[in-house]
Amino acid sequence: MIDIHSHLLYGIDDGSKSIEDSVDIIRNMHNVGFTDIILTPHYIKDSDYSSPRSNNLKLLRNLKQALKENNIDVNLYLGNEIYIDEDIYDLLEEDEISSLNDSRFLLIELPMSGEYDNYIDIFEYLISQGYKVILAHPERYISFQNDLSKVLELKKIGVYFQSNLESILGSYGKGAVKAIKKLLKMKKISFLATDIHHKKHDYNKFEKAKKKIRKYLTEEELNILLNENPSKIIS
């Protein structure tokens, strides 16, 4: 499996706190079938979560070396989970933030509650500049839970959707469970990922989530979301 959304670049956001924790998490992820992981630390402009790309690349090199020393055969790539902002394009041009593995794919997050008024305009502009926008975990946003027609509106302009595997297990509340089930039935999700943050994690939940998701997708469809589509980003 290929994970396109994780918080394992240590010490810079609310994810992994140390390189040792990152190594331990990645070892466990490898044991349950992950071969490739894109590290996507939060980037929220003018906040504590704004580590620049130059620093992230240094941390990535350190973590790759630590995996090598521990004989953990997992490929790592750099990205960001970018909080919606009017300056995203400028931040990319300034090499402040990262697309997913230097591709044209961007992982972008919206407010969990409330709305960011002109997010559609920002998405349309990024798409017009040749980027491919992936909206992180749409099932978690309260505004989307209340009105899934927002997904259809974004789909029309070319936005892709990444859902969290554990949303279907209730890890983010009943609203997210209901929303992800509807999105799976509607065939609107293009990527499934972990959004993993912490060392204390029940890694068996990934298989439990896949079992539940198989009620809505064929094995081939599940493989597309966990492997085929993510492989297009890392290649």
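Two strands count as paired here if DSSP finds at least two bridges between them. On that basis, this predicted model contains an open sheet of 3 strands, in the order S1-S2-S4 with parallel pairing, and an open sheet of 6 strands, in the order S3-S5-S6-S7-S8-S9, where the pairing is also parallel. The points below take up these two sheets, then helices H1, H2 and H9, and finally a few loop residues picked out by their backbone angle or by their position in space.

**The sheet S1-S2-S4**

- The edges of this sheet are formed by strand S1 (2-3) and strand S4 (75-78), each of which pairs on one side only.
- Strand S2, covering residues 36-39, is joined to S4 by 4 bridges, and the two strands run parallel; within this pairing, Ile38 stands opposite Tyr77 of S4.
- S2 is also joined to S1, through 2 bridges and again with the strands running parallel, and here Asp3 has Ile37 of S2 as its bridge partner.
- The side chains of S2 are divided between two directions, with Asp36 and Ile38 pointing one way and Ile37 and Leu39 the other, yet all of these residues are buried.
- As general background to these pairings, the strands of a sheet pair through backbone hydrogen bonds, in either a parallel or an antiparallel arrangement.

**The sheet S3-S5-S6-S7-S8-S9**

- Strand S3 (42-43) and strand S9 (191-193) stand at the edges of this sheet, and because each has a single partner strand, one side of each is left without a neighbour in the sheet.
- S3 is joined by 2 bridges to strand S5 (residues 81-83), the two running parallel, and the bridge partner of Tyr43 in S5 is Ile82.
- S6 and S7 pair in the parallel sense over 4 bridges, with Leu107 standing opposite Ile134 of S7.
- Of the 5 residues of S7, 4 are buried, and this strand is therefore largely enclosed by the rest of the structure.

**Helices H1, H2 and H9**

- Helix H1 (residues 19-31) packs with helix H2 (residues 53-69) at an angle of about 55°, and their axes lie 10 Å apart.
- Since angles of 65 to 115 degrees count as roughly perpendicular and those under 35 as roughly parallel, H1 and H2 are oblique to each other; the crossing of these two helices is right-handed.
- Helix H9 (residues 219-234) has 16 residues and reaches 22 Å from its first C-alpha to its last, which is close to the 22 Å expected at 1.5 Å a residue.
- H9 nevertheless bends by about 45° at Leu225, and Leu225 is itself among the buried residues of this helix, together with Leu222, Leu226, Asn229, Pro230, Ile233 and Ile234.
- In an α-helix there are 3.6 residues a turn, so residues three or four places apart point the same way.

**Loop residues with a positive phi**

- Most residues other than glycine have a negative phi, which gives the general setting for the two residues that follow.
- Asp95, found in the loop between helix H3 (88-93) and strand S6 (105-109), has a phi near 65°, a positive value in a residue other than glycine.
- With a relative accessibility of 48%, Asp95 counts as partly exposed, because that class lies between the cut-offs of 20% for buried and 50% for exposed.
- His137 also has a positive phi, of about 30°, although it is not a glycine, and its place is in the loop between strand S7 (132-136) and helix H5 (142-146).
- His137 counts as buried, because its relative accessibility is 1%.

**Loop residues with partners distant in sequence**

- Lys17, in the loop between S1 and H1, is exposed, with a relative accessible area of 55%.
- Lys17 is separated from Lys199 by 182 residues in sequence, while the two are 9.0 Å apart in space, C-alpha to C-alpha.
- Arg214, in the loop between helix H8 (205-213) and H9, is partly exposed, with a relative accessible area of 31%.
- Between Arg214 and Leu184 the separation is 30 residues in sequence and 9.8 Å in space, again from C-alpha to C-alpha.

Technical notes: Residues are numbered from 1 along each chain as its sequence is written. This is a predicted model: local features need pLDDT of at least 70, side-chain atom pairs count only at pLDDT 80 or more; totals for chains, interfaces and linings use all residues. Side-chain values use heavy atoms; hydrogens and water are left out. The expected span of a helix is 1.5 Å times one less than its number of residues. The bend at a residue is the angle between axes fitted to the seven residues ending there and the seven starting there. Buried means under 20% relative accessible area, exposed over 50%, partly exposed in between (1.4 Å probe, protein chains only). Axes are lines fitted to C-alpha atoms, for helices over the stretch in contact, and angles run from 0 to 180 degrees between N-to-C directions. Angles under 35 degrees count as roughly parallel, over 145 as roughly antiparallel, 65 to 115 as roughly perpendicular and the rest as oblique. A crossing is left-handed if the near helix is turned anticlockwise from the far one by less than a right angle, and right-handed if clockwise.
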